[in-house]
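Here are some short exercises to work through with the model open beside you. Try each task before you read its solution.

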Amino acid sequence: TLAMHRISFSFILLLASISLTFPAFADHDIKHYRDIVWASPKGFDLTLDIAVPETKTKAKPVLVIFHGGGWLLNNKSIMTDLADSIATRTGVITVNANYRLLSDVNNTTTVNDIIEDGMGAVLWVKENIQHYGGDPKKVAVTGDSAGGHLAAMITVAGRNLGSDGFN
């Protein structure tokens, strides 16, 4: 019947589309660049890790990740598994960045300092990611908890810098 042919055709289309997108989600080997010091405000080293998927794509998109912890605890290491998983499964370069915590530098760090650290990390990525195979025009930011708030603040601040944002 016509209904059975439509269902069969739809099923074949579904299988074909899944098979075409599967390579995008295939596991890729990744190359790590760890503990890159990108700035040292007040003598405090800020570091980041870069996970580069080994794919044929020349200029890969980039995702900068900020950890959570209420601006009081944790560091980039708590986001390593997520960053590696994204790089392995999607072909996106991940940058897992540290920022100063409120308790750092003898409890003199302010929330504004933390936001500046986040902005600085993104600007460093935009200026340097091409050396790691990334596309500086395709940079996104995300984070968990306090890191998510930091990502939102960076996005809003970037929009306020001018009509071109971080460009």
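**Exercise 1.** Find the residue just after α2 that takes a positive phi, and give the angle.

*Solution.* Step 1: go to the end of helix α2, residues 80-90; helices here are DSSP runs of H or I with at least four residues, strands are runs of E with at least two, and both are numbered from the N terminus. Step 2: read the backbone just beyond α2, where Gly91 has a positive phi of about 85°. A note on the source: this is a predicted model, in which local features need pLDDT of at least 70 and side-chain atom pairs count only at pLDDT 80 or more, while totals for chains, interfaces and linings use all residues. Residues are numbered from 1 along each chain as its sequence is written, and side-chain values use heavy atoms, leaving out hydrogens and water.

**Exercise 2.** List the buried residues of α2 and say which strands they pack against.

*Solution.* Step 1: apply the burial cut-off (under 20% relative accessible area is buried, over 50% exposed, in between partly exposed; 1.4 Å probe, protein chains only). In α2, this picks out Thr80, Ala83, Asp84, Ile86, Ala87 and Thr88. Step 2: look for contacts, meaning heavy atoms within 4.5 Å. The buried residues of α2 pack against β1 (30-39), β2 (46-53), β3 (60-66) and β4 (93-97).

**Exercise 3.** Which way do the residues of β4 point, and are they buried or exposed?

*Solution.* Step 1: recall that side chains in a regular strand alternate between the two faces of the sheet. Step 2: sort β4 by direction: Ile93, Val95 and Ala97 point one way, Thr94 and Asn96 the other. Step 3: check burial, and 5 of the 5 residues of β4 turn out to be buried.

**Exercise 4.** Work out how β4 pairs with β2 and with β3, then place these strands in the sheet.

*Solution.* Step 1: use the pairing rule, at least two DSSP bridges between two strands. β2 and β4 are antiparallel, with 4 bridges; in this pair, Ile50 stands opposite Val95 and Ala51 opposite Thr94. Step 2: turn to β3, which runs parallel to β4 and is joined to β4 by 5 bridges. Here Leu63 stands opposite Thr94. Step 3: assemble the order β1-β2-β4-β3-β5, an open sheet of 5 strands with mixed pairing. The edge strands, β1 and β5 (134-143), each pair on one side only.
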